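Hello,

Here is the structure I promised to pass on to you. Have a look at it first, and then read my notes below.

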Amino acid sequence: MKHIMLLLLAVLTLACTASEPQKAEAKKPTNIVFLIGDGMGLSAVSTGFYFGDQPSVFNRFNEIGLQQTSSATHKVTDSAASGTALATGTKTYNGAIGIDTSKVAHQSIAELVASLGWSTGVVATSTISHATPASFYAHVELRAMEEEIAVQLLNSEIDFFAGGGRAKFNKRADSTNLLPLAAEKGFIIDTSALAAPGTLSADQKYGFLLQAGAMPSMIHGRGNFLPDATTLAISYLSQNQEGFFLMVEGSQIDWAGHSNNSEYLVSEMLDFEKVIAAALDFAEKDGNTLVVVTADHETGGFTLGPLTGETNEAGYSDYSDISPVFATGQHSATLIPVFAYGPGAEKFKGIYQNTAIHNKMAELAKGE
Ligand code: MG
Ligand code: ZN
């Protein structure tokens, strides 16, 4: 009996010492880049494999999971409820920004890491006060309250923002001009163009409001705005040695899905792939940056169907090429892929609720 106890003790001691080096090796990210393709389902992710001129950037990920996007009130979510779930870890009603079904505000991942001394940024091709970016810094009852959301952005912990939506600041229904308030809050606002990477001071905050409304689509000449804004944000935010959190949204993948326009969708996806590449390139060099790519929900019931037309004797249509099709002009409830790279990426394997993505990022940021 005594021998067995001693043996057991020896085994336990060994087990403990063996697990200790692993614990020390488990790295926590000091930076998190969170990339959201609004409305980007698996078929949207697949477009680069068929319509891109180079290998899809998604080939660079090894840690992949699936998330369920339903809101607290609806099986099919909107971007406000799913943005709130991703940003705060709380399921809420469709239309809510940063609050739960009882209208209680919940801390977002951006607010959490700001309390740890990290710098934070949001970038989008919609208005910067639109539902997805708003979920990271605002707390309002309805996504349509964009003028109030703009006020909350200037009062938030966000250090850098870039996108459209200038009119929400200076052409408002309430006739107030928020641009002087922005200056008071320490923001340098540029309404004409992005700055060059390396030219922004760590002692200032920056806002780039480059359109009155949304940014143009890729089809209508947006050019390299989103990858450039991502590179600029990373170069500015990474001056903070404590760490940084950056959310970049490919906002218009969703709008392409709503309009059932596959050319629009593919062009927005190929642009979003450049954003992902920029984030991964930085993360590879840096070694302490976690990159997470996902969507808030799928839009359009988009799929890569075969060419339509006559079927052969066996009943098949022409499988030699793809003719993308849409099942709906609305959102869908299909599970959404999650891609992760960098320290903590393995945590994103498995199938889970959208709220778990916030929880995993928060645990990693806190070193738990
Ligand atoms: Mg959005
Ligand atoms: Zn939508």
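**What I found**

Let's begin with a charged pair: R172 and D174 form a salt bridge, and their closest N and O atoms are 2.9 Å apart. Please keep in mind as you read that this is a predicted model. The two partners sit in unlike surroundings: R172 counts as buried, at 10% relative accessibility, whereas D174 counts as partly exposed, at 40%. If you wonder what brings such residues together, side chains of opposite charge can pair when their charged atoms come close.

How many salt bridges does a search of the whole structure find? It finds 10. Another of them is between E268 and R222, whose side chains meet at 2.8 Å, N to O. This pair links distant parts of the chain, 46 residues apart: E268 belongs to helix α11 (residues 262-286), and R222 to the loop between β6 (205-209) and α9 (225-237). Both E268 and R222 are buried.

You can also look at E368 and K366, a salt bridge with 3.9 Å between the closest N and O atoms. Here E368 is exposed, with a relative accessible area of 60%, while K366 counts as partly exposed at 43%. Elsewhere, R60, D281 and E284 are joined into one network by salt bridges that share partners.

Now for the metal. Which residues are the protein donors of the magnesium ion (ligand 1)? They are D38 (OD), T132 (OG1) and E249 (OE), and they lie 2.0 to 2.2 Å from the ion. Along the chain, these donors follow the spacing D-x93-T-x116-E. D38 lies in the loop between β1 (31-37) and α2 (42-51), and E249 in strand β7 (residues 244-250), so this pair ties together parts that are 211 residues apart in sequence. Is D38 buried or exposed? D38 is buried, with a relative accessible area of 3%, and E249 counts as buried too, at 1% relative accessibility.

One last stop is T77, in the loop between β2 (63-68) and α3 (79-88). T77 counts as buried, at 2% relative accessibility. Its side chain reaches the backbone nitrogen of S82 at 3.4 Å. Leaving aside neighbours within four places in sequence, the residues in contact with T77 are T69, S70, S71, S82, N94, D296, H297 and H331. Try picking these out in the viewer.

Enjoy exploring!

Best wishes

Methods. Residues are numbered from 1 along each chain as its sequence is written. Chains are lettered from A and ligands numbered from 1 in the order in which they are written. This is a predicted model: local features need pLDDT of at least 70, side-chain atom pairs count only at pLDDT 80 or more; totals for chains, interfaces and linings use all residues. Side-chain values use heavy atoms; hydrogens and water are left out. Donors are N, O and S atoms within 2.8 Å of the metal (3.2 Å for Na, K and Ca); water is not among the atoms, so sites may look incomplete. Helices (H or I, at least four residues) and strands (E, at least two) are DSSP runs, numbered from the N terminus. Buried means under 20% relative accessible area, exposed over 50%, partly exposed in between (1.4 Å probe, protein chains only). A polar contact is a pair of N or O atoms within 3.5 Å; within protein, one must be able to donate a hydrogen and the other to accept it, and residues adjacent in sequence count only if both atoms are side-chain atoms. Contact means heavy atoms within 4.5 Å. A salt bridge is a side-chain nitrogen of Lys or Arg within 4 Å of a carboxyl oxygen of Asp or Glu.
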